[in-house]
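Biologist: I should like to learn how to read a structural model step by step. May we begin with the pairing of strands?

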Amino acid sequence: MLSENSFQRLDPDFLLKSMETIGFEPTGRCIPLNSVENRVYDIEVEGNVRYVVKYYRPHRWTKDQIQEEHNFLDELQAQEIPVLTPIKDESNQSIFEYDNILFAVWPLRTGRIIEEIAEADLVQLGRLLGRIHLVGKSKKSLYRPKLDITHYAGLALELIKEGSWIQNQNLLKRYEKAAHITFQTYEDILKIQDIPFQRIHGDCHKGNLLYSKEGFSILDFDDFLEGPVIQDFWMLLPFGGKKEEYERELFFEGYKEFSDFSHSWLKLIEPLRGIRYVHYAAWIAKRWQDPSFPNLFPHFGTEEYWLNETLDLEKMGNSFEMLDEKDEVTIDEKTSSKKEELSNKDFFWDWEG
């Protein structure tokens, strides 16, 4: 079995030889792109042609799960939806392997990463996501995860507990209680509203939007899964006051040209946010042996970190139901650092340039 930090083997020689095994002649130009979960490089081959090559983290996805992602992208492209599909060889294969590491080769598309979505673009963007979801509900996923409690959020919470990441037992009880309130609220809303699950992007934030002369493209389907479509909205759209409500309606105007949507589904936003907080913390914990993670998240695992996570979950829980009186903890909550309303755990699993 390969260790989690097996990416240390991805030196230039490894990268160039992997490309040679599938028929390319690399020039030697190889630039790493921003990525945490996988390893992604801009590699030039003969003829001054550049490709984006993704090396998948060992043991995260099976080959069947990766193939299902690629198949979904092929379905979207067949409907002329602007997504990037991986390069295929003569035998129509898009997943390659070198020295026990799976990788795929993608065309390089230049463009501008979106920092703020202009009001004039909201209808167009709504149409794009509506078309993606229309294809997404045309068939079921066989191998990808489902955004449910048992197999998604619950497993993340168990990983945190079993790893003894929260040493303060009173704080652990509070964290677990707040997480379970979020999980139960999510399940209750799904049941009451009878909200359907379907294939979705899964990590649809502005960092995965690219704007070029062809218009918007949505990148990085690495977290593609089955879940409620609202998961692809809440990180992308503004929420808050009247202006934000107006902008959301412009987006939904375009979205509903292609896919069904009920405003009652918006009740899922807060529990989905809470689920992401737990899943994000579990993701860091699971990758902690990768040398890059302690450098990227130096405060992870401290008591202050877990207190902030607990307070965030409890704040959400207070909007679901009144919590019992909090247990005492041995750290001063007033001195804990206040986080922004939306932080990295809301958005970024993987930074791909």
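Modeller: Certainly; let us begin with a single pair of residues. Val45 stands opposite Val49 in β3. Please keep in mind that this is a predicted model.

Biologist: In which sense do β2 and β3 pair, and over how many bridges?

Modeller: Strand β2, residues 39-45, pairs with β3 in the antiparallel sense, over seven bridges. The two strands form a hairpin with three residues between them. In that turn, Gly47 has a positive phi of about 95 degrees.

Biologist: Which residue in β5 is the bridge partner of Tyr55?

Modeller: The bridge partner of Tyr55 in β5 is Phe103. Strand β5 covers residues 101-107, and its pairing with β3 is antiparallel, with five bridges. Thus β3 pairs with β2 and also with β5.

Biologist: How should I think about the side chains of a strand?

Modeller: The general idea is that side chains in a regular strand alternate between the two faces of the sheet. For the case at hand, one may ask how much of the strand is covered. Strand β3, residues 49-55, is mostly covered, with five of its seven residues buried.

Biologist: What share of the residues of the protein chain counts as buried?

Modeller: The share is 51% of the 353 residues. The protein chain has ten helices and ten strands.

Biologist: Let us turn to a loop residue. Is Lys256 buried or exposed?

Modeller: The answer lies between those words. Buried means under 20% relative accessible area and exposed means over 50%; Lys256 has 42% relative accessibility and therefore counts as partly exposed. Lys256 is placed in the loop between α6 and α7.

Biologist: With which residues is Lys256 in contact, leaving aside neighbours within four places in sequence?

Modeller: Those residues are Phe261 and His263. A separation in sequence should also be read beside a distance in space. Lys256 and Val123 are 133 residues apart in sequence, and their C-alpha atoms are 9.9 Å apart. For the protein chain, 73% of the contacts with a separation of 6 or more join residues 24 or more positions apart.

Biologist: How is a pocket described, for example the second largest one?

Modeller: One may give its space and then its lining. The second largest pocket holds about 590 Å³ of space. Its lining has 23 residues, and Arg60, Trp61, Tyr152, His279 and Lys286 lie nearest the centre. The elements giving two or more residues to this lining are α4 and α7, and α4 gives the most, with five.

Biologist: Which classes of residue make up the lining of the second largest pocket?

Modeller: That lining has twelve nonpolar, four polar and seven charged residues.

How values were computed: Residues are numbered from 1 along each chain as its sequence is written. This is a predicted model: local features need pLDDT of at least 70, side-chain atom pairs count only at pLDDT 80 or more; totals for chains, interfaces and linings use all residues. Side-chain values use heavy atoms; hydrogens and water are left out. On a 1 Å grid over the protein atoms alone, a cavity is a set of points where a 1.4 Å probe fits but cannot get out, and a pocket is an open set with protein on both sides within 12 Å along at least five of seven lines; lining residues have an atom within 4 Å of a point. Grid points are joined across faces, edges and corners, and a volume is the space filled by probe spheres set on the points. Helices (H or I, at least four residues) and strands (E, at least two) are DSSP runs, numbered from the N terminus. Ala, Val, Leu, Ile, Met, Phe, Trp, Tyr, Cys and Pro count as nonpolar, Asp, Glu, Lys and Arg as charged, and the others, Gly among them, as polar. Buried means under 20% relative accessible area, exposed over 50%, partly exposed in between (1.4 Å probe, protein chains only). Two strands pair if DSSP finds at least two bridges between them. Contact means heavy atoms within 4.5 Å.
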